[in-house]
Amino acid sequence: LHGDSTSLVKLVQEEGWKQDDVFTWAQGDGGPDDAPVNGGIGLYYLGAEQKLLRFDDMDPDFCKMNELFWELAETDAESVRGDKR
């Protein structure tokens, strides 16, 4: 289930149904996680380079991309309103 405030999450909790955590990829959701979750990891495919990278790969371009995604996730929407770049 994505998120923790949806009506579906509420229903699952009310019914006492089992939930399992999974690896979080998206920076906007707090990811990528720092370690595997229940044995699961994130893999990223870079099409132009035809490379498959683990979530914790130290490839410089991959690290920079993650930094930029974190900045984007933490950017206040009002601070860029009207920015046409």
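Lys-51 is partly exposed in this predicted model, because its relative accessibility comes to 31%, a value that lies between the 20% under which a residue counts as buried and the 50% over which a residue counts as exposed. The side chain of Lys-51 meets that of Asp-59 in a salt bridge, with 3.0 Å from N to O. Asp-59, for its part, counts as buried, because its relative accessibility is 15%, and under 20% is what buried means here. This salt bridge therefore joins a partly exposed lysine to a buried aspartate.

Asp-59 is placed in the loop between E2 and H2, and if its neighbours within four places in sequence are left aside, the residues in contact with Asp-59 are Lys-51 and Leu-53. Strand E2 covers residues 51-54, and the antiparallel partner of this strand is E1, with four bridges between the two. Within that pairing, Tyr-45 is found opposite Leu-52 of E2. As a general point, the side chains of a regular strand alternate between the two faces of the sheet.

The hairpin formed by E1 and E2 has four residues between its strands, and Gln-50, which lies in the loop between E1 and E2, deserves a separate look. Its phi is positive, at about 50 degrees, although Gln-50 is not a glycine. In general, most residues other than glycine have a negative phi. Gln-50 counts as exposed, because its relative accessibility is 62%. A second residue with a positive phi of about 50 degrees, and again not a glycine, is Asn-38, whose place is in the loop between H1 and E1. Asn-38 is likewise exposed, because its relative accessibility reaches 64%.

With these details in place, the overall order of the elements can be set out. The protein has two helices and two strands, and along the sequence they follow the pattern α-β-β-α. Helix H1 spans residues 7-15, strand E1 spans residues 43-46, and helix H2 spans residues 60-73. Among contacts between residues at least 6 apart in sequence, 16% join residues at least 24 apart.

How much of the protein is buried? Of its 85 residues, 18% are buried, while the accessible surface comes to about 6900 Å², with 52% of that area belonging to carbon and sulfur atoms. One of the buried residues is Asn-66, which counts as such because its relative accessible area is 10%, and which is placed in helix H2. The C-alpha atom of Asn-66 is separated by 9.8 Å from that of Phe-55, a residue 11 places away along the chain.

On the surface, Leu-8, Leu-11 and Trp-17 make a nonpolar patch of about 290 Å². Leu-8, one of these three residues, belongs to helix H1 and is partly exposed, because its relative accessible area is 45%. That value also places Leu-8 over the 30% of relative accessible area that a residue needs in order to belong to a patch.

The charged side chains offer further pairings, for the count of salt bridges comes to six, among them the one between Lys-51 and Asp-59 already described. Another joins the side chains of Arg-54 and Asp-56, with 2.9 Å from N to O. Arg-54 is partly exposed, because its relative accessible area is 37%, and Asp-56 is also partly exposed, because its relative accessible area is 36%. The side chains of Arg-81 and Glu-78 meet in a further salt bridge, with 3.0 Å from N to O, and in that pair both Arg-81 and Glu-78 are exposed.

A last consideration is how confident the prediction is. The average pLDDT of the protein is 83, and 87% of the residues score at least 70. Confidence is highest in helix H1, with a mean of 91, and lowest in strand E1, with a mean of 85. As a general caution, predicted coordinates should not be read in detail where pLDDT is low.

Definitions and conventions: Residues numbered from 1 in each chain as written. Predicted model: local features only at pLDDT ≥ 70, side-chain atom pairs only at ≥ 80, totals over all residues. Heavy atoms only, no water. pLDDT = per-residue confidence, 0-100. Pairing = 2+ DSSP bridges. Patch = residues over 30% accessible without salt bridge, like charges linked within 9 Å, V, L, I, M, F, W, Y side chains within 5 Å. Areas by Shrake-Rupley, 256 points an atom, 1.4 Å probe, with all protein chains shown as cover. Salt bridge = Lys/Arg side-chain N within 4 Å of Asp/Glu carboxyl O. Buried < 20%, exposed > 50% of the residue type's maximum accessible area, 1.4 Å probe, protein only. Contact = heavy atoms within 4.5 Å.
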